[in-house]
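Reader: I should like to learn how to read a structure of this kind, feature by feature. May we look at one together?

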Amino acid sequence: MYNAQILSTRIKNRAVEKNIYLNKMLDDCGLNVNSINQMTDKKGLASFSLARIADYLDCSVDYLLGRTDNPEVNK
(Lines give C-alpha, C1' and ligand atoms only; values in the text may rest on other atoms or scores of the structure.)
Protein backbone atom coordinates (compact mmCIF):
# COMPACT_ATOMS: atom_id res chain seq x y z
CA MET A 1 0.00 0.00 0.00
CA TYR A 2 1.22 3.48 -0.78
CA ASN A 3 1.73 6.10 1.88
CA ALA A 4 1.00 9.80 1.37
CA GLN A 5 3.68 10.76 3.90
CA ILE A 6 6.39 8.91 1.95
CA LEU A 7 5.21 10.49 -1.32
CA SER A 8 5.14 13.98 0.18
CA THR A 9 8.56 13.57 1.79
CA ARG A 10 10.17 12.24 -1.39
CA ILE A 11 8.75 15.08 -3.49
CA LYS A 12 10.03 17.68 -1.01
CA ASN A 13 13.45 16.04 -0.63
CA ARG A 14 13.93 15.66 -4.38
CA ALA A 15 13.02 19.32 -4.91
CA VAL A 16 15.65 20.32 -2.33
CA GLU A 17 18.26 18.09 -4.02
CA LYS A 18 17.52 19.79 -7.35
CA ASN A 19 17.43 23.31 -5.81
CA ILE A 20 13.81 23.71 -6.90
CA TYR A 21 11.34 25.79 -4.94
CA LEU A 22 8.27 23.69 -4.21
CA ASN A 23 5.84 26.53 -4.93
CA LYS A 24 7.41 27.17 -8.35
CA MET A 25 7.36 23.47 -9.23
CA LEU A 26 3.70 23.14 -8.29
CA ASP A 27 2.81 26.29 -10.23
CA ASP A 28 4.76 25.11 -13.29
CA CYS A 29 2.93 21.76 -13.07
CA GLY A 30 -0.43 23.52 -12.89
CA LEU A 31 -1.11 22.38 -9.32
CA ASN A 32 -2.39 24.22 -6.28
CA VAL A 33 0.40 25.33 -3.94
CA ASN A 34 -1.23 23.32 -1.14
CA SER A 35 -1.50 20.09 -3.16
CA ILE A 36 1.34 18.34 -1.36
CA ASN A 37 0.34 19.44 2.15
CA GLN A 38 -3.33 18.49 1.65
CA MET A 39 -2.54 15.02 0.36
CA THR A 40 -3.76 12.14 2.52
CA ASP A 41 -3.68 8.37 2.09
CA LYS A 42 -7.37 8.40 1.13
CA LYS A 43 -7.19 11.38 -1.21
CA GLY A 44 -3.76 10.72 -2.75
CA LEU A 45 -2.59 12.58 -5.83
CA ALA A 46 -3.97 12.22 -9.34
CA SER A 47 -1.81 10.05 -11.58
CA PHE A 48 -1.33 12.81 -14.16
CA SER A 49 -0.27 15.24 -11.43
CA LEU A 50 2.17 12.70 -10.05
CA ALA A 51 3.61 12.09 -13.52
CA ARG A 52 4.05 15.84 -14.10
CA ILE A 53 5.89 16.20 -10.78
CA ALA A 54 8.13 13.20 -11.53
CA ASP A 55 9.00 14.65 -14.96
CA TYR A 56 9.70 18.05 -13.44
CA LEU A 57 11.97 16.53 -10.78
CA ASP A 58 13.62 14.22 -13.34
CA CYS A 59 12.85 11.07 -11.39
CA SER A 60 10.58 8.08 -11.69
CA VAL A 61 7.06 7.86 -10.31
CA ASP A 62 8.16 4.61 -8.63
CA TYR A 63 10.79 6.57 -6.70
CA LEU A 64 8.26 9.13 -5.49
CA LEU A 65 5.89 6.35 -4.43
CA GLY A 66 8.63 4.61 -2.46
CA ARG A 67 8.69 1.52 -4.70
CA THR A 68 12.42 1.99 -5.33
CA ASP A 69 15.25 3.96 -3.79
CA ASN A 70 16.68 4.71 -7.24
CA PRO A 71 15.36 8.06 -8.52
CA GLU A 72 16.61 7.43 -12.06
CA VAL A 73 14.03 7.42 -14.83
CA ASN A 74 13.96 4.32 -17.03
CA LYS A 75 14.84 5.65 -20.44
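Author: Certainly. Please keep in mind that this is a predicted model. Let us start with one residue, Ser-8, which lies in helix H1, spanning residues 4-17.

Reader: Is Ser-8 buried or exposed?

Author: Ser-8 counts as buried, because its relative accessibility is 8% and the cut-off for burial is under 20%. Leaving out residues up to four places away in sequence, Ser-8 touches Ile-36 and Met-39.

Reader: How many residues does H1 have, and what distance does it reach from its first C-alpha to its last?

Author: H1 consists of 14 residues and reaches 20 Å between those two atoms, close to the 20 Å expected at 1.5 Å a residue. At its start, a side-chain oxygen of Asn-3 comes to within 2.6 Å of the backbone nitrogen of Gln-5.

Reader: Which residues of H1 are buried?

Author: They are Ala-4, Leu-7, Ser-8, Arg-10, Ile-11, Arg-14 and Ala-15. These residues lie on the same side of H1, because they cover an arc of only 165° around the axis. The face turned away from that buried side carries the exposed residues Gln-5, Val-16 and Glu-17.

Reader: Against which helices do the buried residues of H1 pack?

Author: Their partners are helix H2 (22-28), helix H3 (47-56) and H4.

Reader: How should one read a nonpolar core?

Author: The general idea is that nonpolar side chains tend to be buried together in soluble globular proteins. Here the largest nonpolar core has 18 residues, of which Leu-7, Ile-11, Met-25, Ile-53, Leu-57 and Leu-64 touch the most other members. Each of H1, H2, H3 and H4 supplies at least two residues of this core. The largest share, four residues, comes from H1.

Reader: Which residues are in contact with Leu-64, leaving aside its neighbours within four places in sequence?

Author: Leu-64 belongs to helix H4, residues 61-65, and counts as buried at 0% relative accessibility. With those neighbours set aside, its contacts are Ile-6, Leu-7, Arg-10, Ile-11, Leu-50, Ile-53, Ala-54 and Cys-59. For Met-25, on the same basis of leaving aside neighbours within four places, the contacts are Ile-11, Ile-20, Ile-53, Tyr-56 and Leu-57. From C-alpha to C-alpha, Leu-64 and Met-25 are 15 Å apart in space, while 39 residues separate them in sequence.

Reader: What should one know about the sign of phi?

Author: Most residues other than glycine have a negative phi. In this model, Asn-19 has a positive phi of about 55° although it is not a glycine. Asn-19 is located in the loop between H1 and H2 and is exposed, with a relative accessible area of 71%. Asp-58 also has a positive phi, near 55°, and is a residue other than glycine. The position of Asp-58 is in the loop between H3 and H4, where Asp-58 counts as partly exposed at 39% relative accessibility.

Reader: How many disulfides does the structure hold?

Author: In general, a disulfide is a covalent bond between the sulfur atoms of two cysteines. This structure holds zero. Cys-29 is in no disulfide, and the nearest cysteine sulfur, that of Cys-59, is 11 Å away. A pair would count only with its sulfur atoms within 2.5 Å. Cys-59 is likewise in no disulfide.

Reader: Are these two cysteines buried or exposed?

Author: Cys-29 is buried, with a relative accessible area of 6%. Cys-59 also counts as buried, at 2% relative accessibility.

Note on methods: Residues numbered from 1 in each chain as written. Predicted model: local features only at pLDDT ≥ 70, side-chain atom pairs only at ≥ 80, totals over all residues. Heavy atoms only, no water. Buried < 20%, exposed > 50% of the residue type's maximum accessible area, 1.4 Å probe, protein only. Contact = heavy atoms within 4.5 Å. Expected span 1.5 Å × (residues − 1). Arc of directions from axis to C-beta. Polar contact = N/O pair within 3.5 Å; in protein donor to acceptor, adjacent residues only side chain to side chain. Core = buried A, V, L, I, M, F, W, Y, C linked by side-chain atoms within 4.5 Å.
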